[in-house]
Amino acid sequence: MSSTLAEPRPVERENPFRWVRRVFRDFRRSRPFWGGLLAVFAGLPIMYFPYANLSLNGMTIAMATTAGAGSLIIGVLLVVLGLTGWFQPVVRVFAGIATTLLTLVSIPVSNLGGFGLSVLPGLIGGGLMIAWAPLPDADPAEAEAEAVAAPVAEAVVDEPAYEPAVERSPAAVEGTVPAQQAGEPKEVR
């Protein structure tokens, strides 16, 4: 039986778990994912603590301060900047700088930056958003030119791998290490 008469191989469906994993990996690699995630995590404690009522053995502790509205605004902005880094990677530098500045402003405004739980993730997340850069797109014309040039370059070079040692005096070859070690002046052009 010839290959033209054979039935085509059935197309295997991709495992749904692998598909989700592959799509998430592509999403994560194409944007400042970890910087945005840390910015979102930095905004949550800043929003939570000014409005939370903590109870310890029947004693209620309220952290509500006059800066509660400022804390809410800073927390919401940090979450929005983290999501902006994910879904609009073009403005990642602005989002990173704003995240860093808002994290620093949250220290005096919002209970020491959510009792210090937001300071480190906010600063690291802002720095990661600023530092992230997309991978360069592979230009199909350049890739094809490189693929064509590589075998040609290898075929042109027909030099022997072993070169016999030739004794030369240091004065004969300018710019070599022995000539420089011999104290000869270097030629200035």
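## Around helix α3

In this predicted model, the buried residues of α3 are covered by elements that include α1 (16-29), α2 (33-48), α4 and α6 (119-131). The buried set in α3 is Gly 68, Ser 71, Ile 74, Gly 75, Leu 78, Val 79, Leu 81, Gly 82, Gly 85 and Trp 86. Looking down the axis of α3, these buried residues fit within an arc of 160°, so they line one face of the helix. Flip to the other side of α3 and you find Ile 73 and Phe 87 exposed.

How does the length of α3 check out? Its 20 residues (68-87) should span 28 Å at 1.5 Å a residue, and the end C-alpha atoms sit 29 Å apart, which agrees.

Next, α4. Thr 99 belongs to this helix, which covers residues 92-109. Setting aside neighbours within four places in sequence, Thr 99 is in contact with Ala 39, Leu 78, Leu 81, Gly 122, Gly 126 and Met 129. Two of those partners, Leu 78 and Leu 81, are among the buried residues of α3.

Then there's the surface. Val 93, Ile 97, Leu 101, Leu 104, Ile 107, Leu 112, Leu 123 and Ile 130 make a nonpolar patch of about 650 Å². Both α4 and α6 give two or more residues to the patch, and α4 has the largest share, with five.

Here are two residues side by side, one from α4 and one from α6:

| Residue | Relative accessible area | Class |
|---|---|---|
| Thr 99 | 0% | buried |
| Ile 130 | 36% | partly exposed |

How values were computed:
Residues are numbered from 1 along each chain as its sequence is written. This is a predicted model: local features need pLDDT of at least 70, side-chain atom pairs count only at pLDDT 80 or more; totals for chains, interfaces and linings use all residues. Side-chain values use heavy atoms; hydrogens and water are left out. Helices (H or I, at least four residues) and strands (E, at least two) are DSSP runs, numbered from the N terminus. Buried means under 20% relative accessible area, exposed over 50%, partly exposed in between (1.4 Å probe, protein chains only). Contact means heavy atoms within 4.5 Å. The expected span of a helix is 1.5 Å times one less than its number of residues. The arc is that of the directions from the helix axis to the C-beta atoms. Patches are made of residues with over 30% relative accessible area and no salt bridge: like charges are joined within 9 Å, nonpolar side chains (Val, Leu, Ile, Met, Phe, Trp, Tyr) within 5 Å. Accessible areas come from the Shrake-Rupley method with a 1.4 Å probe; for residues, only the protein chains shown count as cover. A salt bridge is a side-chain nitrogen of Lys or Arg within 4 Å of a carboxyl oxygen of Asp or Glu.
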